[in-house]
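Me: I would like to go through the surroundings of the ligand and the annotated binding positions of this model. Please reason each answer through.

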Amino acid sequence: MTVAIEPAGAKASAGATIERKDAHLDLCSTASVEPSQNDSLLSCVQLVHCAMPEMALEEVVLSTSFFGKTIRAPLLVCGMTGGSKRAERVNRALAEQAEQHGLAFGVGSQRAMIEDPQCASSYAVRDVAPKTVLIGNVGLATAASIGVDGVRNLMDEIDADAIALHLNAAQELTQPEGDRDFRNGYRIIESLARCLGGRLLVKETGCGIGPRVALRLFDSGVELIDVSGLGGTSWVRVEQFRASGVAADVAEHFASWGIPTAAAVASVRRAVGDRLTIVASGGLRTGLDVAKALAVGADLGGMALPLFRALEAGGPERVDQSIRVIVAQLRQALLLTGSRTPQELRQSPVVITGALSDWLAGLGSASVGDGLGNDCLLPKECRIAQRYRDRPELVRGGPIV
Ligand SMILES: Cc1cc2nc3c(=O)[nH]c(=O)nc-3n(C[C@H](O)[C@H](O)[C@H](O)COP(=O)(O)O)c2cc1C
């Protein structure tokens, strides 16, 4: 089944999209796309050592359920690319590693294959990753233009288990050709959530999802988010390298814009309780970073840049080595905090220091409370939509309104 939405000039724009995605890969492999001021604030999370763990290392259980499948460690190789032959090689190599290590894997934005269906093969990794939790990817504006059926087709075409809907307002504003109109986002997401339910993951792209937005997303029917916070790859910085003149100068002061990953995860978890599955990506570089993210509320950690760079530097063997190290560090962190599982890690004590405490104080102590929106950041809207969401006559499917 083919998704085609832009008959006129579609191939020309596919060419531009593919060129842009390859330029992103070039920049991400070598340029300083993580400005030094960027900070995930995971360094402000201190796990507390347990001198008497009372367990064997092999008793630590990292496996967890994600999109209805079991993954061997709570780690997602975040969506990065697609479109070109180069992107195809990256996707296939990383998906193969995800399969071998039992991790989840996402492809990058599938926009190129919408514009030119011949690009679809660059996202097709099922043959090398038959058991992997595979996640498709589409931007909010593109999703609005292809509708729920188009989004479902994107998933079907690559046999994905789920689709990531990416939010990237800061990046779009830095792209000369980017979107400038971000209206009706929640309405679009509500339609998608109604149709896709638990197969929809809403993600940022390095600027973070805070508690207010998370609550509205939950309210719109979303069950999973990737906060993709500040601290790693900066898309403003990437686009700044491609821009010139005024756009580049404006971008200069926004390369460190966003909610640090640790602040996003901790504040969202506090706001929504256990109602959302939370992936933490954005600046996670070690298994200890993953452990810290889990300790402050994430269900999974996600990484993009370090695994792409490992592939560039040393091929699949280097990626294999990196993943082994990350998983071993994570396992060790669990043991040394006396936690048998990521769930136990979340219950274990953590010390929050410095800027992260400031962020959490600033983001407020809101929570969904009794599930009816009492005490939440957006009490009125939440309560209304919660009831709407619980209405049994609400049928899934239908066009995006
Ligand atoms: C080379 C590259 C390309 C990316 N392309 C996409 C994309 O197409 N869609 C998307 O949702 N996120 C994209 N991302 C963002 C990642 O999915 C993820 O949210 C973020 O980069 C994780 O942070 P990290 O790179 O610091 O590990 C990309 C990241 C990188 C490094």
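The exchange below concerns a predicted model.

Me: Which element gives the most residues to the shell around the ligand?
Reply: The shell comprises 27 residues, with Cys-78, Gly-108, His-166, Gly-232 and Ala-304 the closest. Two or more residues come from each of α1 (10-30), β7 (162-166), β11 (300-303) and α12 (305-336). With three residues, the element that gives the most is α1.

Me: How many residues of the shell around the ligand are charged?
Reply: By class, 16 residues of the shell are polar and 10 are nonpolar. The number of charged residues is one.

Me: Is Lys-21 buried or exposed?
Reply: The unreviewed UniProt entry includes Lys-21 in its "binding site" annotation, and the residue is placed in helix α1. Beyond its neighbours within four places in sequence, Lys-21 has contacts that include Thr-81, Ser-84 and Gly-108. A residue counts as buried if 20 or more other C-beta atoms lie within 10 Å of its own. Because Lys-21 has 22 other C-beta atoms within 10 Å, Lys-21 is buried.

Me: Is Arg-111 buried or exposed?
Reply: Arg-111 is also covered by the "binding site" annotation of the unreviewed UniProt entry; helix α3 (residues 111-115) holds Arg-111. Since 26 other C-beta atoms lie within 10 Å of Arg-111, the residue is buried.

Me: Which residues is Arg-111 in contact with, leaving aside its neighbours within four places in sequence?
Reply: Arg-111 belongs to helix α3, and sequence neighbours within four places are set aside here. The contacts of Arg-111 are then Thr-17, Val-138, Gly-139 and Thr-142.

Definitions and conventions:
Residues are numbered from 1 along each chain as its sequence is written. This is a predicted model: local features need pLDDT of at least 70, side-chain atom pairs count only at pLDDT 80 or more; totals for chains, interfaces and linings use all residues. A residue is near a molecule or strand if its C-beta atom, placed from the backbone, lies within 6 Å of it. Helices (H or I, at least four residues) and strands (E, at least two) are DSSP runs, numbered from the N terminus. Ala, Val, Leu, Ile, Met, Phe, Trp, Tyr, Cys and Pro count as nonpolar, Asp, Glu, Lys and Arg as charged, and the others, Gly among them, as polar. UniProt positions are given in the numbering used here, feature names are shortened, and annotations may be inferred rather than shown by experiment. A residue is buried if 20 or more other C-beta atoms lie within 10 Å of its own, exposed if 12 or fewer, and partly exposed in between; C-beta atoms are placed from the backbone. Two residues are in contact if their C-beta atoms, placed from the backbone, lie within 7 Å.
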